[in-house]
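Please open the structure in a viewer and keep the selection panel at hand. This tour proposes what to select at each stop.

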Amino acid sequence: MSQSNFRVAEFPVDPQFLNRWSPRAYTGADISEETVLSFIEAARWAPSSYNAQPWRFVFARRGTPHWDALLGLLNEFNRSWAQNASVLIIVLSKKTFLPPGAAAEVAAPTHSFDAGAAWAYLALQASLSGWHAHGMAGFDKELTRSVLGVPENYAIEAAVAVGKIGDKSILPEGLQAKEAPSPREALVKLAFEGKFKG
Ligand SMILES: Cc1cc2nc3c(=O)[nH]c(=O)nc-3n(C[C@H](O)[C@H](O)[C@H](O)COP(=O)(O)O)c2cc1C
């Protein structure tokens with residue numbers, strides 16, 4: 001059994017998996033481009049089908065000219081807290097790839113799965129480096145496509161806010177109550193040997 005950050009694992013795992021969580025109270029700290037790229041560096045070492053590496057990342061650091069454009073993609077709820085993040089990242093994935101020896105690109109059935117692995121690596125690296133990453137589905141994907149100039153061949157997967165964790169008192173009361181690492185379903189409900197159990 002492993003325990004960290006008030007979370008308890010049923011089996012031993014490295015503490016990094018329990019320590020990563022998604023806060024909303026951020027300090028608005030400045031972040032360097034090098035630090036952001038170190039998170040994306042971790043992401044690019046994720047595994048992907050055929051090593052196609054379909055993930056792409058568009059980021060804007062607070063205080064830079066692109067910040068307002070990326071913040072404006074988020075829905076009102078996410079904007080309310082993510083405005084204090086240090087960097088916003090949009091995760092994209094390429095929907096086609098060139099199989100070995102093929103003459104033309106074909107559909108990549110795992111582009112989203114692969115990009116999910118990359119985001120997880122990014123979030124873990126941020127956490128290991130003393131930052132926190134918070135994934136978001138609450139943003140306007142069509143607006144994202146036009147504002148960022150994303151070609152149709154790329155899926156818009158998720159937004160991510162990364163920052164330094166701040167005091168939860170800066171959040172509205174309802175969110176303060178939720179500002180803690182969350183629990184997980186019991187392993188017995190998720191892992192089945194041999195045959196699926198509904
Ligand atoms: C793809 C994805 C989309 C999410 N969308 C939102 C969102 O729009 N707004 C939000 O506040 N949290 C969002 N979350 C955060 C989840 O609610 C959070 O990861 C989950 O409750 C588990 O908590 P933990 O990350 O602290 O372990 C999202 C997370 C992921 C991975």
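The tour begins at the ligand and then turns to the helices.

The model is predicted: local features need pLDDT of at least 70, side-chain atom pairs count only at pLDDT 80 or more, and totals for chains, interfaces and linings use all residues. Residues are numbered from 1 along each chain as its sequence is written, and side-chain values use heavy atoms, with hydrogens and water left out.

First, select the ligand and the 16 residues around it, where a residue is included if one of its heavy atoms lies within 4 Å. Arg7, Ser22, Arg24, Ala137 and Arg184 come nearest. The shell divides into 6 nonpolar, 6 polar and 4 charged residues; Ala, Val, Leu, Ile, Met, Phe, Trp, Tyr, Cys and Pro count as nonpolar, Asp, Glu, Lys and Arg as charged, and the others, Gly among them, as polar.

Next, display α4 (76–82) and β7 (132–136), each of which supplies at least two residues of this shell. Helices (H or I, at least four residues) and strands (E, at least two) are DSSP runs, numbered from the N terminus.

Which backbone atoms should be selected beside nitrogen atoms of the ligand? A polar backbone atom of Gly135 is 2.9 Å from a ligand nitrogen, and one of Ala137 is 2.8 Å from a ligand nitrogen. Then select Ser182: an N or O atom in its side chain is 3.0 Å from an oxygen atom of the ligand.

Now move to helix α6 (residues 141–148) and select Asp140 at its start. A side-chain oxygen of Asp140 reaches to within 3.1 Å of the backbone nitrogen of Glu142. After α6, select Gly149, whose phi is positive, near 70°.

Methods: Polar contact = N/O pair within 3.5 Å; in protein donor to acceptor, adjacent residues only side chain to side chain.
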